[in-house]
Amino acid sequence: MKLFCLVIAIALASIRLNAQASITNQITTHADCYGTCDGVISFTVSNATPPYSVTINNPSNCTNPMLYTATSNTFSIGNMCPCQGLYTFAFYDNTGFIGNSYNYFQTTATQPLNVSVGNIMATSCATCCTGTANMLSTGGSTQQGPVYFWLDGVYLSFNFYPAYGICAGTHTVCGKDNYGCERCTTFVMPVNSVTGMEELSNNSHLQLWPNPCTGVFSINADYYKTEPAEVIISSILGKELRTFTISDLSQKQVQFSISDLSKGIYMVSLRKEGGDIIARSSLILN
């Protein structure tokens with residue numbers, strides 16, 4: 001009986017050696033940005049039987065899941081943080097330890113990447129592309145090179161200041177560091193409220209407040225106290241979007257709401273009812 005058991009044990013050990021567990025891995029999402037634990041790594045285990053327990057030996061000062069349980073041969077572990085160091089994934093099945101896997105979710109950043117726009121110089125008219133602005137960044141992984149910028153999807157360069165030829169309106173600037181972390185922000189290129197109006201027309205400059213506004217703005221009675229008028233809201237390309245009529249001439253000021261429009265730059269024109277434009281100005285909606 002003892003001899004029989006010994007033979008069985010040797011046979012099982014032989015089977016284990018001949019069919020050693022194999023672990024393959026692939027990063028399906030790399031956690032590129034500092035402080036963003038959204039990395040995902042996938043594993044496939046061969047020649048072993050689930051369930052599996054996976055212990056994760058994290059680099060120092062890095063927060064990640066320490067233990068994961070899998071019930072199939074192919075599975076993914078998420079919420080992985082980018083850290084400076086090598087991860088060790090140790091696998092166990094119901095017989096014990098079956099192997100290790102190693103990988104990096106690495107970044108050299110010590111601060112989150114932040115992208116901003118500064119020193120904005122307005123365009124000279126509502127249809128001009130004469131604005132300039134500085135593309136700026138802080139933080140991110142810059143040990144192997146600077147942050148690179150794109151303006152409205154068009155590649156600029158690294159540490160770009162200033163960018164020239166920016167049109168009036170809302171724009172998106174994105175920066176990407178050398179580990180692939182990308183951050184984007186939007187900004188509004190305004191129209192010079194004096195020279196822009198002079199180039200656009202010879203009409204009087206219409207005073208609006210507040211400007212920029214968050215959806216509601218006002219004009220005073222000086223512009224409409226003698227006869228009814230219409231207020232026209234247009235895009236910077238001249239497309240009329242809203243029309244308001246001022247018929248009560250006793251009001252000292254009238255408020256208008258454009259909160260249903262998207263953020264950007266608009267033209268506000270005042271015209272005699274059914275007649276000519278008597279004043280206009282640009283309005284920034286934030």
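A residue counts as buried when its relative accessible area is under 20%, as exposed when that area is over 50%, and as partly exposed in between. That scale will be used throughout this walk through the structure, which is a predicted model. Lys176 offers an initial example: its relative accessibility is 29%, so Lys176 is classed as partly exposed.

Before looking at further residues, it helps to ask how confidence is spread over the model. Across the protein chain the mean pLDDT is 81, and 85% of the residues reach 70 or more. Where is confidence lowest in the protein chain, and where is it highest? The lowest value belongs to helix α1, residues 2–18, with a mean of 38, whereas the highest belongs to strand β2, residues 39–46, at 93. Over residues 1–18 the pLDDT is below 50, and this stretch has three contacts in the model beyond near neighbours in sequence. Residues 194–203 also stay under 50 in pLDDT, although for them the model has 20 contacts beyond four places in sequence. Where pLDDT is low, the predicted coordinates should not be read in detail.

With that caution in place, the charged side chains can be followed. Side chains of opposite charge can pair when their charged atoms come close. The structure holds four salt bridges, and one of them joins Lys176 to Glu182, with the closest N and O atoms 3.8 Å apart. Like its partner, which has already been described as partly exposed, Glu182 falls in the partly exposed class, because its relative accessibility is 37%.

Another of these pairs is formed by Glu230 and Arg271, whose side chains meet in a salt bridge at 2.8 Å from N to O. This pair links distant parts of the chain, since Glu230 is in strand β17 and Arg271 is in strand β20, residues 264–272, and the two residues are 41 apart. Strand β17 itself covers residues 229–235. Is Glu230 buried or exposed? With a relative accessible area of 14%, which is under the 20% limit, Glu230 is buried.

Arg271 has a further partner, for its side chain also meets that of Glu240 in a salt bridge, here at 3.6 Å from N to O. Arg271 lies in strand β20 and Glu240 in strand β18, residues 240–246, so this pair ties together parts that are 31 residues apart in sequence. Glu240 is partly exposed, with a relative accessible area of 45%, whereas Glu230 is buried. Taken together, Glu230, Glu240 and Arg271 are linked in a network of salt bridges.

A different part of the chain can be explored through Ser72, which is found in the loop between β4 (67–70) and β5 (74–80). Ser72 is partly exposed, because its relative accessibility is 32%. Which residues does Ser72 touch, leaving out those up to four places away in sequence? They are Pro50 and Tyr52. The C-alpha atom of Ser72 is separated by 8.8 Å from that of Thr44, a residue 28 places away along the chain. Within its own neighbourhood in sequence, the side chain of Ser72 reaches the backbone oxygen of Thr74 at 2.8 Å.

The last stop is on the surface, where Leu86, Tyr102 and Tyr104 make a nonpolar patch of about 300 Å². Leu86 lies in strand β6, residues 86–93, and is partly exposed, with a relative accessible area of 39%.

How values were computed
Residues are numbered from 1 along each chain as its sequence is written. This is a predicted model: local features need pLDDT of at least 70, side-chain atom pairs count only at pLDDT 80 or more; totals for chains, interfaces and linings use all residues. Side-chain values use heavy atoms; hydrogens and water are left out. Patches are made of residues with over 30% relative accessible area and no salt bridge: like charges are joined within 9 Å, nonpolar side chains (Val, Leu, Ile, Met, Phe, Trp, Tyr) within 5 Å. Accessible areas come from the Shrake-Rupley method with a 1.4 Å probe; for residues, only the protein chains shown count as cover. Helices (H or I, at least four residues) and strands (E, at least two) are DSSP runs, numbered from the N terminus. Buried means under 20% relative accessible area, exposed over 50%, partly exposed in between (1.4 Å probe, protein chains only). pLDDT is the predictor's confidence in each residue, from 0 to 100. Contact means heavy atoms within 4.5 Å. A polar contact is a pair of N or O atoms within 3.5 Å; within protein, one must be able to donate a hydrogen and the other to accept it, and residues adjacent in sequence count only if both atoms are side-chain atoms.
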